[in-house]
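Start with the structure itself, then follow the text from one helix outward to the whole chain.

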Amino acid sequence: MFGVLSAVTVAMGSALTFGAKLYPSRTETLETCAGALLLLGFGLLGSALPHLS
């Protein structure tokens with residue numbers, strides 16, 4: 001379950017990073033949120049890895 005949630009949050013963070021280019025007035029806010037989602041996603045992935053093996 002953590003693995004799926006990790007993939008979803010990483011995908012959402014990547015989409016926000018791409019969307020930051022489309023809205024220059026909100027770039028800083030979108031990149032901050034994207035970074036938080038990416039860190040959360042990779043943290044979840046790290047916690048899911050011991051359960052996969």
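In α1, the buried residues (under 20% relative accessible area, 1.4 Å probe, protein chains only) include Ser-6, Thr-9, Gly-13, Gly-19 and Ala-20. They lie on the same side of α1, because the arc they cover around the axis is only 155 degrees, taken from the directions from the helix axis to the C-beta atoms. The opposite face, turned away from the buried side, carries Val-4, Phe-18, Lys-21 and Leu-22, which are exposed (over 50%, with partly exposed in between). Part of the cover over the buried residues of α1 comes from α2 (27–52), where contact means heavy atoms within 4.5 Å.

This is a predicted model: local features need pLDDT of at least 70, side-chain atom pairs count only at pLDDT 80 or more, and totals for chains, interfaces and linings use all residues. Residues are numbered from 1 along each chain as its sequence is written, and side-chain values use heavy atoms, leaving out hydrogens and water.

Ser-25 sits in the loop between α1 and α2. It counts as exposed because its relative accessibility is 71%. From Ser-25 to Pro-50, 25 residues along the chain, the C-alpha atoms are 41 Å apart.

The protein as a whole has two helices and zero strands, both taken as DSSP runs numbered from the N terminus (helices H or I, at least four residues; strands E, at least two). Its radius of gyration is 13 Å, well over the 10 Å of the globule rule for 53 residues, so the protein is more spread out than a compact globule. That radius is taken over C-alpha atoms, and the rule is 2.2 Å times the number of residues to the power 0.38. Along its principal axes the C-alpha trace spans about 45 × 15 × 10 Å.
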